[in-house]
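Here are some short exercises to work through with the model open beside you. Try each task before you read its solution.

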Amino acid sequence: MDCKRLERYLSRYLEGELEREQKDKVEEHLACCPSCAGKLKKLEAITAILRRLKPVQPRGDLAALLSEKVQREIGYW
Ligand SMILES: [Zn+2]
């Protein structure tokens, strides 16, 4: 699995939505790619923030805006 492909799996990996086989490949890649491991860490932090916002945040558009911005930032890495 290369970095570009891994990026597409990362969010689903975080949500625990990947098949075992895909999950193994993601973990395999993360173990030998510090750059993607860093991305995962950042995405984890952002996801945690968004999760905390959700229950008290009635305006869904803020979360959408945030994740859109984040995705754009990650895309530029
Ligand atoms: Zn990578």
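## Exercise 1: the contacts of C36

Leaving aside neighbours within four places in sequence, C36 is in contact with C3, L6, H29 and L30; two residues are in contact if their C-beta atoms, placed from the backbone, lie within 7 Å. Before going on, note that this is a predicted model, in which local features need pLDDT of at least 70, side-chain atom pairs count only at pLDDT 80 or more, and totals for chains, interfaces and linings use all residues. Residues are numbered from 1 along each chain as its sequence is written.

**Task.** Take C3 and find which residues C3 contacts, and whether C3 is buried or exposed.

**Solution.**
1. Place the residue: C3 lies in helix 1. Helices (H or I, at least four residues) and strands (E, at least two) are DSSP runs, numbered from the N terminus.
2. List its partners: beyond four places in sequence, C3 touches C33, S35 and C36.
3. Check one distance: 8.6 Å separates the C-alpha atoms of C3 and S35, which are 32 residues apart along the chain.
4. Count neighbours: C3 has 12 C-beta neighbours inside 10 Å and so counts as exposed. The scale is buried for 20 or more other C-beta atoms within 10 Å, exposed for 12 or fewer, and partly exposed in between, with C-beta atoms placed from the backbone.

## Exercise 2: H29

**Task.** Work out where H29 sits and which residues H29 touches.

**Solution.**
1. H29 belongs to helix 2.
2. Not counting residues up to four places away in sequence, its contacts are M1, L6 and C36.
3. The C-alpha atoms of H29 and M1 are 6.8 Å apart, although their positions lie 28 residues apart along the chain.
4. H29 is partly exposed because 18 other C-beta atoms lie within 10 Å.

## Exercise 3: two helix pairs

**Task.** Describe how helix 1 packs with helix 2 and with helix 3.

**Solution.**
1. Helix 1 (residues 3-15) and helix 2 (residues 20-32) pack at about 115 degrees, their axes 10 Å apart. Axes are lines fitted to C-alpha atoms, for helices over the stretch in contact, and angles run from 0 to 180 degrees between N-to-C directions.
2. Helix 1 is therefore roughly perpendicular to helix 2. Angles under 35 degrees count as roughly parallel, over 145 as roughly antiparallel, 65 to 115 as roughly perpendicular and the rest as oblique.
3. The contact uses L6, Y9 and Y13 from helix 1 and Q22, K23, V26 and H29 from helix 2.
4. Now the other pair: helix 1 and helix 3 pack at about 30 degrees, again with axes 10 Å apart, and are therefore roughly parallel.
5. Helix 1 brings C3, L6, L10, S11 and L14 to this contact, and helix 3 brings S35, C36, K39, L40, L43, E44 and T47.

## Exercise 4: the core

**Task.** Find which residues form the largest nonpolar core and which helix gives the most to this core.

**Solution.**
1. The largest nonpolar core has seven residues, L6, L10, Y13, V26, L30, C36 and L40. Such a core is a set of buried Ala, Val, Leu, Ile, Met, Phe, Trp, Tyr and Cys residues joined through C-beta atoms within 7 Å.
2. Helix 1, helix 2 and helix 3 (34-53) each supply at least two of these residues.
3. Helix 1 gives the most, with three residues.
4. Step back to the whole protein: there are four helices and zero strands, and 9% of the 77 residues count as buried.
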